[in-house]
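Visitor: I am new here and would like a close look at one part. Please show me where charged side chains pair up. Start with the whole, then go in.

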Amino acid sequence: MLLALASMLPAATVMAQDNPSGLPLPRFVTTRSAPINVRVGPGTKYNIAWNFLVSGVPVEIVQEFDTWRKIRDMEGDEGWVHQSLLAGARAGYVTAAFANGEVTMHVSRAEDATARARLAAGVRVAVSECDGSWCQVAAGPPGERASFSGWIRQEELWGVYPEEEFD
């Protein structure tokens with residue numbers, strides 16, 4: 001089993017090195033500024049498909065071509081943006097896993113920890129850390145600095161992969 005995993009590792013690394021950035025695909029990033037034109041192809045000669053009107057929106061890079069990145073948004077729409085319009089900061093959207101449509105933000109990484117806030121589905125949060133099960137996030141009213149921070153279950157975020165770990 002260990003040998004099988006070891007043989008798979010170099011292939012993944014080579015695939016990442018074949019990308020212009022040398023980084024693995026897919027990966028999550030955020031929009032750096034606003035407005036951002038999302039184009040139907042990798043270059044300014046291609047038509048604009050839509051615009052991002054706010055910065056800090058989480059998107060998934062699914063392909064690279066030279067200095068252009070093909071991105072996917074939360075709805076699954078895809079288009080191309082220049083790499084300079086993207087940042088490595090992490091953010092996500094709350095995606096409630098249960099019928100009530102709310103996600104509980106806890107003071108620590110435990111289901112029985114005290115609730116700090118309840119977040120509605122679709123709320124954008126800044127993500128600072130994930131341990132594979134829980135993510136530390138910050139949220140606040142739109143257009144204002146984050147006023148609540150705490151932990152939510154990783155499975156209730158779009159913008160991080162299942163079991164992904166980072167800090």
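Guide: Start with the surface. The protein exposes about 9,600 Å². Carbon and sulfur atoms supply 54% of that area. This is a predicted model, so every value here is computed from it. The protein has 167 residues, and 35% of them count as buried. Its elements are one helix and 15 strands. Take contacts between residues at least 6 apart in sequence: 53% of these join residues at least 24 apart.

Now to the charged pairs. The structure holds 11 salt bridges. One of them joins the side chains of Arg109 and Glu129, with 3.3 Å from N to O. The two partners sit in distant parts of the chain, 20 residues apart. Arg109 is in the loop between strand S9 (102-106) and strand S10 (115-120), and Glu129 is in strand S11, residues 124-131. How open is Arg109? Its relative accessibility is 38%, so Arg109 counts as partly exposed, between the 20% limit for buried and the 50% limit for exposed.

Stay with the loop between S9 and S10. Another salt bridge pairs Arg153 with Glu111, and their closest N and O atoms are 3.8 Å apart. This pair also links distant parts of the chain: Glu111 is in the loop between S9 and S10, while Arg153 belongs to strand S13 (residues 148-153). The two are 42 residues apart.

Arg153 has a second partner to look at. Its side chain meets that of Glu156 in a salt bridge, at 2.7 Å from N to O. Is Arg153 buried or exposed? Its relative accessible area is 15%, which is under the 20% cut-off, so Arg153 counts as buried. Glu156 is buried too. Elsewhere, Glu60, Lys70, Arg72 and Glu78 are joined into one network by salt bridges that share partners.

Back to S11 for a link of another kind. A disulfide is a covalent bond between the sulfur atoms of two cysteines. The count here comes to one disulfide. Cys130 and Cys135 form it, with their sulfur atoms 2.0 Å apart. The link of these two cysteines is right-handed, with 105° about the S-S bond. Cys130 and Cys135 are both buried.

The loops hold some backbone details as well. Two prolines come after cis peptide bonds. The bond from Leu25 to Pro26 has an omega near -10°. Pro26 lies in the loop between helix H1 (2-18) and strand S1 (27-31). The bond that joins Ala34 and Pro35 has an omega of about -5°. Pro35 is in the loop between S1 and strand S2 (36-39).

Two residues other than glycine have a positive phi. Asp66 has a phi near 55°, and its place is the loop between strand S4 (58-65) and strand S5 (68-72). Asp66 counts as exposed because its relative accessibility is 51%, over the 50% limit. Glu163 has a phi near 65°, and it lies in the loop between strand S14 (157-158) and strand S15 (165-166). Glu163 is exposed as well, at 66% relative accessibility.

To find the charged pairs again, go back to the loop between S9 and S10. Arg109 there is paired with Glu129 of S11. Glu111 there is paired with Arg153 of S13.

Technical notes: Residues numbered from 1 in each chain as written. Predicted model: local features only at pLDDT ≥ 70, side-chain atom pairs only at ≥ 80, totals over all residues. Heavy atoms only, no water. Helix = DSSP H or I, 4+ residues; strand = E, 2+ residues; numbered from the N terminus. Buried < 20%, exposed > 50% of the residue type's maximum accessible area, 1.4 Å probe, protein only. Contact = heavy atoms within 4.5 Å. Areas by Shrake-Rupley, 256 points an atom, 1.4 Å probe, with all protein chains shown as cover. Disulfide = S-S within 2.5 Å. Salt bridge = Lys/Arg side-chain N within 4 Å of Asp/Glu carboxyl O.
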